[in-house]
Protein chains: 4
Amino acid sequence: MTMDVTAPARTIRAGFVGGGFMAAVHSRAARAAGAALVGGSSSSAERAREAAGRLGLDHGFGSLDELLADPAIDVVHVCTPNTTHARIVRAALEAGKHVICEKPLATDSRDAHELTELAAARGLVAAVPFVYRYHPMAREARSILTDGAAGRIVSVHGSYLQDWLATPHDDDWRVDSTQGGPSRAFADIGSHLVDLLEFTTGDRVVRLNALTRTVFGARATNTDIATEDLVAVVVELAGGAIGTLLVSQVAPGHKNGLVLELGGTEASVRFEQERPETLWVGRTGVTSILERDPARLSPDAARLSRVPAGHPMGYQDAFNAFVADTYATISGERPEGLPTFDDGLRAVRVTEAVLASAASGTWAEVAA
Amino acid sequence: MTMDVTAPARTIRAGFVGGGFMAAVHSRAARAAGAALVGGSSSSAERAREAAGRLGLDHGFGSLDELLADPAIDVVHVCTPNTTHARIVRAALEAGKHVICEKPLATDSRDAHELTELAAARGLVAAVPFVYRYHPMAREARSILTDGAAGRIVSVHGSYLQDWLATPHDDDWRVDSTQGGPSRAFADIGSHLVDLLEFTTGDRVVRLNALTRTVFGARATNTDIATEDLVAVVVELAGGAIGTLLVSQVAPGHKNGLVLELGGTEASVRFEQERPETLWVGRTGVTSILERDPARLSPDAARLSRVPAGHPMGYQDAFNAFVADTYATISGERPEGLPTFDDGLRAVRVTEAVLASAASGTWAEVAA
Amino acid sequence: MTMDVTAPARTIRAGFVGGGFMAAVHSRAARAAGAALVGGSSSSAERAREAAGRLGLDHGFGSLDELLADPAIDVVHVCTPNTTHARIVRAALEAGKHVICEKPLATDSRDAHELTELAAARGLVAAVPFVYRYHPMAREARSILTDGAAGRIVSVHGSYLQDWLATPHDDDWRVDSTQGGPSRAFADIGSHLVDLLEFTTGDRVVRLNALTRTVFGARATNTDIATEDLVAVVVELAGGAIGTLLVSQVAPGHKNGLVLELGGTEASVRFEQERPETLWVGRTGVTSILERDPARLSPDAARLSRVPAGHPMGYQDAFNAFVADTYATISGERPEGLPTFDDGLRAVRVTEAVLASAASGTWAEVAA
Amino acid sequence: MTMDVTAPARTIRAGFVGGGFMAAVHSRAARAAGAALVGGSSSSAERAREAAGRLGLDHGFGSLDELLADPAIDVVHVCTPNTTHARIVRAALEAGKHVICEKPLATDSRDAHELTELAAARGLVAAVPFVYRYHPMAREARSILTDGAAGRIVSVHGSYLQDWLATPHDDDWRVDSTQGGPSRAFADIGSHLVDLLEFTTGDRVVRLNALTRTVFGARATNTDIATEDLVAVVVELAGGAIGTLLVSQVAPGHKNGLVLELGGTEASVRFEQERPETLWVGRTGVTSILERDPARLSPDAARLSRVPAGHPMGYQDAFNAFVADTYATISGERPEGLPTFDDGLRAVRVTEAVLASAASGTWAEVAA
């Protein structure tokens, strides 16, 4: 059969490492993108079979090596604890697989840098799910902020507040630094906040000063906790803006409250992850609530709008779009705004600057 | 092959009639449910091929008959203009297919009743996507209202406001009664509002008094419009509650604004379709905002929660759940709350009562 | 003494009948307007002294006659139970006093009409505190709606929900028809809703169809209650608009929730009494939140803005402005939008139409 | 004279220095408190007469000395540009007058300290209008936070955003440091934010690190502006909490947006000055919206509630309560929570720490 130029791209064949909540999100996105869900690996053949059944994968591989050895797999989704990312991603890239790796890409910037270089050297697509970029209204914010409609950006008001670790009874592998790495709240969610800040403004955090707190040093099963629950940061951007970031996983009443407001000389723009269907745009004369109405959005925001205004799009929709764009990139397209290992490395560097500032009590520069 | 009792249900094989926006929503939901998307039919082989490509279906059937003749198809999704529903659904049922038919099931209650009887007689699963039932917080509202936590329901405050037909330049096949049927705004969206009202309360509208308006008698291509843009209704429920419903497709600034508040003697409960992740619960002492937090919801609401609180679920998620439940029903399960042809028939009867009251200027009883 | 043209108007000297919550609001407004608070009357000298002390009045009159006989009093504020209004107002007018009478002006339209005629015949200022007219953003709504910026008004969505009578333990003289009159919820709060609807649109309700409910037939001290807790109405306006009104004093979680949205062919405008500092204006393209910013409001809204935007104005501010405007009218000015006995009479007629419709089960015309 | 126990406190006699917007707010509050508004002074007899007429004062004094020499004046309200406060307040105290001085009490802490000592030495009541303390729900927040209901406070999320100086065309004497003093945005509004933070928590900011920006170095009439438009701060409290404060007068779309959220180990509490009638209380299980319902508030919040829930109280109501409490203090009562010169001094010290940190790029301790 000769390939019709208008024919759809060939089916992407995906493999999955890890079987938790995020693996379920990844596998749904892969299915929505029309991928073949070849299989997943786990620490044992039995667990791999169980996870494959639960996630609807065709096969359970008893080991990572087995999965990577399967030539039918194009892309590997890495959804394991943080400290295992570098090792698994390195192996996948060396096996010639494209990779989607959960954030943080690595728990130190040396590893993250090496993985970024490796992917580039091998010419492989390597993505990190900074998924809030895929809310259409985050794209609309980016359009407004980067085309000058808000004027020069002078202030940043960001927060990311959660409460799933708000009591000492709440526990998780992420609080154990041997699995989660040296930073917890900031690496886990602060990284999203900074990514969205830099993505929507096109600007960069260059200096910061941070305080951190481990509010609960002991939890149900982890009793000697070193990683932070809470971070307060003052930041300076390359373009001259200043602002504050507050990040907490011990904030009662907040589920997944990423709120980012950028103040420009002409307008303020606020995006709230829990209400991703609207964008608040403040001007001195009038305040507007922009709806996700495909007919009125900038092209890149309209592109990601799958249903009409008023039919809420949500988290899984954003994740689906991220995975679809990654797969499109594997198929040779260049969709706008894919978060790659460069962005994953960037997040690790910002996180390291936060920890360094908090430890030293001084300003930290963020490595470019 | 012997069926392993723990094996997953066999793959449902779906066919689609119609190729518009709703067909896209249906096909995504079928894919998310793991169905085989066998194919779609259209009025010509060429259009069918085009739609199949666009929706990601395996095959384009040049006619409905061809599609219905394919024994590989278990269930037919009917996504065509309203006045064609009865004919297509009848043919599908007679061909032994399970059916999901877009609302309104039919444009008069005689047809709707006949189809309901036919599906029952054939033992086929026959569903109508009153999809707002599938927002977890709509289920939570139902739980609160039916288990007595809100006391006796005494008032209903409902509205469904849209603006996609708010100017005379806006046009659509739905405004043409030869395609849309004798009612437009009420059949299209008022029916959702009443379904959700009756679903969440377990009560029934028994009498109503309605005014209707055709605000724009002429639009871009339809110049002699008979169907209503706007409906105002006062209702009485079997349980004694009274209330108002306002339904409009000419309400500037409202995209898909279904808002339903039920007032009980102990609490008021409000659900807003555009903010489906929370439920407002008012009490004299304190007002609460309930989040869609699976750990704290009633079982049926928790069942539909696919991601943690704060990770917004939306319209496609609800549609996916509806289709998954329909398929589960086809596979022999009995998931809670599936809207069937009985509910589709009910909606047609309520719509007929609205039109009758508006025409006569008197109260109309709603047939049980 | 020669009158200096730039001198302030002479001090208004006010008397008060009744000593409850509303009398406190009236007396504060009189003080803010720079009036001399001459005194108040009550059923006994002792109660009058007590009320005068509490309200900060100069004198307590032991009877209405005594108060009306005092030539130092220009205006009488009537703040007594509803069924006493007609008698007291008649006496005050006959004594040559200007009058501010709490709504309802009277408990039947014959009395209300007679009082209106009497005030006109005597050339006395006679006002009824439909005080929500005095929120600046209600004036702004009126400006937008009457100058055509919202297009032709086609729909009305109104509600007024309270919960201070939401349990059978809540009680008040207003539920006793011998003191409150034949209508309760509608006369008390529905009348505000209709006044604001007619004031902001310049249009009139001409026909309506209503259902009423007495949810609690017995309360703590009133055990044979005839007046309604709850009213659902569908209305038609002279200009052709249709809509719904829901009025309840048994709506848990709602304190004083008057919400009025008018849908025009160009824009929708919504005012919420509990958030009186903003106005929601919906258009198909964009939704705006208008702030009470004096620099950007229409003249009549700016006139009532006493503090800059963002410094919330509230209920007492609105009441102060109403009383100041009444006093200015007594002093010969003609401030825009004063609610007079004509408006008080109108409210009684609308209330009577609601009761008539509910009793008969048919449409009621509202007398012009 | 024997004091009649039931007699009202003797009338307070007030004088006013300055004739701008704040003087109008002060004079309304004095009138509402039943004070005699003896007169105001201005830079000339003519301007004093004009201001007296406009504010409704009995007399216009041609100079401060003249006003202070009037033995009929008990209390002086100082509403002049910042850099004149110290001189005027000193003179008033030395004349034996009680003083209410607009913030900042002085433009350096040496002066503020001296004035505080002087007032104490003379036994005079000396208050600074940190008026947001007088919103009932701010008192309710204080009750919740200080009685332990929110647990241990661990995070602070504060912002105060305005836009009245958001364009270079906006100008005011406050931006001129010879009139406004060395700090502008922080002294003007940041001081309110920190006062409310410390008032509601009972805790103290002990260290901070700040960045400042003068976004517009030139405005309409002031062309060499040294004071800051914008401040970003990270703070540490004595009790161990950390957090961020963002203060801006160049934030388009924000009118007077003071938002303060305190995160405790049991609950988060958020107060928003522009919506002062409610308090948001987040818990992991459920989020509540507390209404200003006198029947359900803590005693000190209930004390300040003058009208029922749902009848919005606002800025002037808060100011009235502040002035009434100051006058009550003059009359010998001890109402809860009056902001005195101690608090005014505290605000100057926090402001100086902000400027010092921004200048040095290091952490600044806040003098106790």
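In chain C of this predicted model, six strands form an open sheet with parallel pairing, and their order across the sheet is 3-2-1-4-5-6. Strand 3 (59–61) and strand 6 (126–127) of chain C lie at the edges, each pairing on one side only. Helix 2 (residues 45–55) of chain C packs on this sheet, where it touches strand 1 (13–17), strand 2 (36–41) and strand 3 of chain C. The direction of helix 2 of chain C makes about 150 degrees with that of strand 3 of chain C. Elsewhere in the strand order, strand 4 (residues 75–78) and strand 5 (residues 98–101) of chain C pair in the parallel sense over four bridges. Within this pair, V75(C) stands opposite H98(C) of strand 5.

The relation between chains B and D may be considered next. A turn of 180 degrees, with a shift of 0.0 Å along the axis, lays chain B on chain D with an RMSD of 0.0 Å. The two copies are therefore related as by a two-fold rotation axis. The C-alpha of S288(B) is the one in chain B nearest the axis, at 2.2 Å from it.

S288(B) also has a place in the strand pairing between the chains, for it stands opposite S288(D) in strand 14 of chain D. Strand 14 (residues 287–291) of chain B and strand 14 (residues 287–291) of chain D pair in the antiparallel sense, over three bridges.

The contact between these chains takes eight residues from chain B and eight residues from chain D. On the side of chain B that touches chain D, three residues are nonpolar, three polar and two charged. Because 100% of the interface residues of chain B are also interface residues in chain D, the copies meet through the same surface.

Note on methods
Residues numbered from 1 in each chain as written. Chains lettered and ligands numbered in written order. Predicted model: local features only at pLDDT ≥ 70, side-chain atom pairs only at ≥ 80, totals over all residues. Least-squares fit on C-alpha atoms with pLDDT ≥ 70 in both. Contact = placed C-beta atoms within 7 Å. Nonpolar A, V, L, I, M, F, W, Y, C, P; charged D, E, K, R; others polar. Pairing = 2+ DSSP bridges. Helix = DSSP H or I, 4+ residues; strand = E, 2+ residues; numbered from the N terminus. Axes fitted to C-alpha atoms, helices over the stretch in contact; angles between N-to-C directions.
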